[in-house]
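This report describes a single protein chain through its charged pairs, its main pocket and its surface. Please consult the sequence and the structure shown below while reading.

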Amino acid sequence: MDYKTNVMRILDKHKVIYMHYDYDASKAISGVEVAQILGENPAQVFKTLVTVAKSKQHYVFMIPVAEELDLKKAAVAVGEKAVDMLKSKELLPLTGYIHGGCSPIGMKKFFTTVIDSSAQNFDTIIFSAGKVGYQVETNLAGLGKVIRFSLADIIQKKE
């Protein structure tokens, strides 16, 4: 692959070992479809969600693509009373990323980041490389060389 996203360049700079994937974005609308196209377990493919708290602080949460963020658990994980999903139109000015291409690495500003604790079940996790159609795969230790994060149970329980 000749094309490198900013996320890949940042990983390279920090000497983090990663794999990268690119796929036809017109064939994948959801994160679950991305996992299917890549032939990967949806529980190992994470989406990056940006929220805003009543305090006006922004927080980033990473959860498996087939799951939903539990806003109450997310708020507790960051010590807030409540958090809400950021409006799609606010994502690009705040992070530099568009919906579907948001990565926890390389945002305009670093935000407190929480990854669902299920990530510990895998040697590596896969997440957006910062551009629709591109994903990277690395382990949590590698990701920790680039961003600070904590782990918490932040997904909704299935009924």
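## A charged network late in the chain

Asp153 has a relative accessible area of 35%, and because this value falls between the limits of 20% and 50%, the residue is classed as partly exposed. Salt bridges with shared partners join Asp153, Lys73 and Lys157 into one network. As the model is a predicted one, this network, like every other feature described here, is computed from predicted coordinates.

Within the network, Lys73 pairs with Asp153, and their closest N and O atoms are 3.2 Å apart. The pair links distant parts of the chain, since Lys73 belongs to helix 3 (residues 71-77), whereas Asp153 lies in the segment after strand 8 (150-152), 80 residues apart. Lys73, with a relative accessible area of 23%, is likewise partly exposed.

## Other salt bridges

The whole structure contains five salt bridges. In general terms, side chains of opposite charge can pair when their charged atoms come close. One of the five brings together the side chains of Lys54 and Asp84, with an N to O distance of 3.3 Å. This pair also links distant parts of the chain: Lys54 sits in the loop between strand 2 and strand 3 (58-64), and Asp84 sits in strand 4 (residues 83-85), 30 residues apart. Lys54 is exposed, because its relative accessibility of 58% is over the 50% limit, while Asp84, at 36%, is partly exposed.

A further salt bridge is formed by Lys27 and Asp24, whose closest N and O atoms are 3.2 Å apart. Here Lys27 counts as exposed, at 58% relative accessibility, and Asp24 counts as partly exposed, at 37%.

## The largest pocket

The largest pocket has a volume of about 580 Å³. Its lining comprises 26 residues, of which Lys47, Thr48, His99, Gly100 and Gly101 are the closest to the pocket centre. When the lining is sorted by class, 15 residues are nonpolar, nine are polar and two are charged.

Several elements of secondary structure contribute to this lining, and helix 2 (31-38), strand 2 (46-53) and helix 4 (88-95) each supply at least two residues. Strand 2 provides the largest share, with five residues of the lining.

## A nonpolar surface patch

Leu92, Ile98 and Val132 together make a nonpolar surface patch of about 240 Å². Of these residues, Leu92 lies in helix 4, an element that also supplies at least two residues of the lining of the largest pocket. Leu92 counts as partly exposed because its relative accessibility is 44%, a value that also satisfies the requirement of over 30% relative accessible area for residues in a patch.

## A buried threonine

Is Thr138 buried or exposed? With a relative accessible area of 1%, Thr138 falls under the 20% limit and is therefore buried. Thr138 is found in strand 7 (residues 134-138). Along the chain, Thr138 and His14 are 124 residues apart, and their C-alpha atoms are separated by 13 Å.

Definitions and conventions
Residues numbered from 1 in each chain as written. Predicted model: local features only at pLDDT ≥ 70, side-chain atom pairs only at ≥ 80, totals over all residues. Heavy atoms only, no water. 1 Å grid on protein atoms, 1.4 Å probe; cavity = no way out; pocket = protein on both sides within 12 Å on 5 of 7 lines; lining within 4 Å. Points joined across faces, edges and corners; volume = space filled by probe spheres on them. Helix = DSSP H or I, 4+ residues; strand = E, 2+ residues; numbered from the N terminus. Nonpolar A, V, L, I, M, F, W, Y, C, P; charged D, E, K, R; others polar. Patch = residues over 30% accessible without salt bridge, like charges linked within 9 Å, V, L, I, M, F, W, Y side chains within 5 Å. Areas by Shrake-Rupley, 256 points an atom, 1.4 Å probe, with all protein chains shown as cover. Salt bridge = Lys/Arg side-chain N within 4 Å of Asp/Glu carboxyl O. Buried < 20%, exposed > 50% of the residue type's maximum accessible area, 1.4 Å probe, protein only.
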